[in-house]
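Please look over the sequence and the three-dimensional structure shown here. The explanation below them may be read with both in view.

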Amino acid sequence: MGLASDNGVVIFSKSSCCMCYAVSMLFQGIGVKPVMYDIDQDPQGREMEKALMKLAGTTAGPVPAVFIGGKFMGSTNDIMSAHLSGQLLHMLKPYHSLS
């Protein structure tokens, strides 16, 4: 949670995850450059993965796990739904200067 709250927009990902890449490109297309944190490249990645799965309430893969303003926003489906409804642009407005 510390990593997520230290930056405006954070995506926890795995280096081989195509959905993580797609969500990252969506944010960049909106004008926000998220901080990408590849948990498979971190020695504590296994513990992070368990914590993300618990936070998301899932036993499926925990990535991408998107945080905006330190708040867990969900994974791919949650972010795409927010984008389609127009809510994502509103949530990201304060972070456009980070791009």
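The paragraphs that follow go from the overall fold to the cores, one helix, the aromatic rings and the salt bridges.

This is a predicted model, in which local features need pLDDT of at least 70 and side-chain atom pairs count only at pLDDT 80 or more, while totals for chains, interfaces and linings use all residues. Residues are numbered from 1 along each chain as its sequence is written, and side-chain values use heavy atoms, with hydrogens and water left out.

The protein chain contains five helices and four strands. Here helices (H or I, at least four residues) and strands (E, at least two) are DSSP runs, numbered from the N terminus. Along the sequence they come in the pattern α-β-α-β-α-β-β-α-α. Of the 99 residues of the protein chain, 38% are buried; buried means under 20% relative accessible area, exposed over 50%, and partly exposed in between, with a 1.4 Å probe and protein chains only. The exposed area of the protein chain is about 5,700 Å², of which carbon and sulfur atoms supply 56%. Such areas come from the Shrake-Rupley method with a 1.4 Å probe, and for residues only the protein chains shown count as cover. Among contacts (heavy atoms within 4.5 Å) with a separation of 6 or more, 62% are between residues 24 or more positions apart.

In soluble globular proteins, nonpolar side chains tend to be buried together. A nonpolar core is a set of buried Ala, Val, Leu, Ile, Met, Phe, Trp, Tyr and Cys residues joined through side-chain atoms within 4.5 Å. The largest such core in this model has 14 residues, and Phe-27, Val-66, Ile-68, Ile-79, Leu-88 and Leu-92 have the most contacts inside it. At least two residues of this core come from each of β1, α2, β3, α4 and α5, and α2 gives the most, with four residues. Leu-88 shows how these parts meet: leaving aside neighbours within four places in sequence, Leu-88 is in contact with Leu-26, Phe-27, Ile-30, Ile-68, Ile-79, Ala-82 and His-83. A second, separate core of ten residues includes Val-10, Cys-17, Ile-39 and Leu-52.

Helix α4 (residues 76-85) has two contrasting sides. Thr-76, Ile-79 and Ala-82 are buried in this helix. They lie on the same side of α4, because they cover an arc of only 135 degrees around the axis, the arc being that of the directions from the helix axis to the C-beta atoms. Asn-77 and Leu-84, on the other side of α4, are exposed. The cover over the buried residues of α4 includes α2, β3 (65-68), β4 (71-74) and α5 (87-92). Just after α4, Gly-86 has a positive phi of about 90 degrees.

Strand β1 (9-13) also contains a buried polar residue, Ser-13. Ser-13 counts as buried because its relative accessibility is 1%. Not counting residues up to four places away in sequence, Ser-13 touches Cys-20, Met-36, Tyr-37, Asp-38, Ile-39, Asp-40 and Val-63.The structure also holds three aromatic pairs. Rings of Phe, Tyr and Trp (its six-membered ring) pair if their centres lie within 6.5 Å; planes under 30 degrees apart count as stacked, over 60 as edge-to-face and the rest as tilted. Phe-12 and Phe-67 form an edge-to-face pair, 5.5 Å centre to centre with 75 degrees between the planes. This pair links distant parts of the chain, since Phe-12 is in strand β1 and Phe-67 in strand β3, 55 residues apart. Phe-67 also pairs with Phe-72 in a tilted arrangement, with 5.3 Å between centres and 55 degrees between the planes. Phe-67 is buried, with a relative accessible area of 1%, whereas Phe-72, at 23% relative accessibility, counts as partly exposed. Ring pairs link Phe-12, Tyr-37, Phe-67 and Phe-72 into a cluster.

Side chains of opposite charge can pair when their charged atoms come close. A salt bridge is a side-chain nitrogen of Lys or Arg within 4 Å of a carboxyl oxygen of Asp or Glu, and a search of the whole structure finds two. In one of them, the side chains of Glu-49 and Lys-14 meet at 3.0 Å, N to O. That pair links distant parts of the chain: Glu-49 is in helix α3 (residues 45-56), and Lys-14 is in the loop between β1 and α2 (18-30), 35 residues apart. Glu-49 also forms a salt bridge with Arg-46, again at 3.0 Å, N to O. Both Glu-49 and Arg-46 lie in helix α3, three residues apart, about one turn of the helix. Salt bridges that share partners thus join Lys-14, Arg-46 and Glu-49 into one network. Within this network Glu-49 is buried at 12% relative accessible area, Lys-14 is partly exposed at 26%, and Arg-46 is exposed at 57%.
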